[in-house]
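Hi,

Here is the structure I said I would pass on. Have a look, and my notes are underneath.

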Amino acid sequence: MTDMYSELLIKKEPTGKDQALKVLIIALIVLTAAAGLFIIPLAWVLTIALGVAAYFILPLLDLEYEYVFVNGELDIDRIASKAKRKRMKSFDLAKMEIMAPMNSHRMDYQNHNTNMKVLDFSSGNPQHKIFAMIIADDNSVCKVLLEPDRELIDNIARSCPRKVFLD
């Protein structure tokens, strides 16, 4: 028997909030640097602090998610600025209850359940077809938002045939 394997990289699209945060941080750095040059030399300390904060914050605004499916296991990694990789979650799909498109009638109950923890690993573009996966995670049930391609959906459907719906 062969291994089922799929890999997919999804780029998270920047939101208006992300763009505003980038502009705000850069503008504050420029203003404090100008203040340090012309008004108060002590403003350089604030400029350096803002520069260090920008070093850690700005890469988190350029995200990609990588889905790796191997034999019933789905691993999701977050890649910041195409350099820093972090394992976000690893799911055993045998624990999955259902996987269907977000707007499917099969997800009506889950979409109205406000107690469920939502983990969004999609691009954030509402025009793309986003799937929701309801799965047990530790002591709670989570709704995981994904943007799989056809190959990934087919492999998950082969692994859990009665739990994956395409309508």
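Below is what I found, starting with one helix and moving on to the cores.

First, the ground rules: this is a predicted model, where local features need pLDDT of at least 70 and side-chain atom pairs count only at pLDDT 80 or more, while totals for chains, interfaces and linings use all residues. Residues are numbered from 1 along each chain as its sequence is written, and side-chain values use heavy atoms, with hydrogens and water left out.

Proline 41 sits in the loop between helix H1 (16-38) and helix H2 (43-57); helices here are DSSP runs of H or I, at least four residues, and strands are E runs of at least two, numbered from the N terminus. Proline 41 is exposed, at 60% relative accessible area (exposed is over 50%, buried under 20%, partly exposed in between, with a 1.4 Å probe and protein chains only).

In H2, Ala43, Thr47, Leu50 and Ala54 are buried. They lie on the same side of H2, because they cover an arc of only 65 degrees around the axis (taken from the directions from the helix axis to the C-beta atoms). Val45, Ile48, Tyr55 and Phe56 are exposed on the other side of H2.

Now the largest nonpolar core (buried Ala, Val, Leu, Ile, Met, Phe, Trp, Tyr and Cys joined through side-chain atoms within 4.5 Å). Among its 27 residues, Tyr67, Leu74, Leu93, Met96, Met133, Val144 and Leu146 touch the most other members. E2 gives the largest share of this core, four residues. A second, separate core has eight residues, including Ile98 and Leu145.

Cheers
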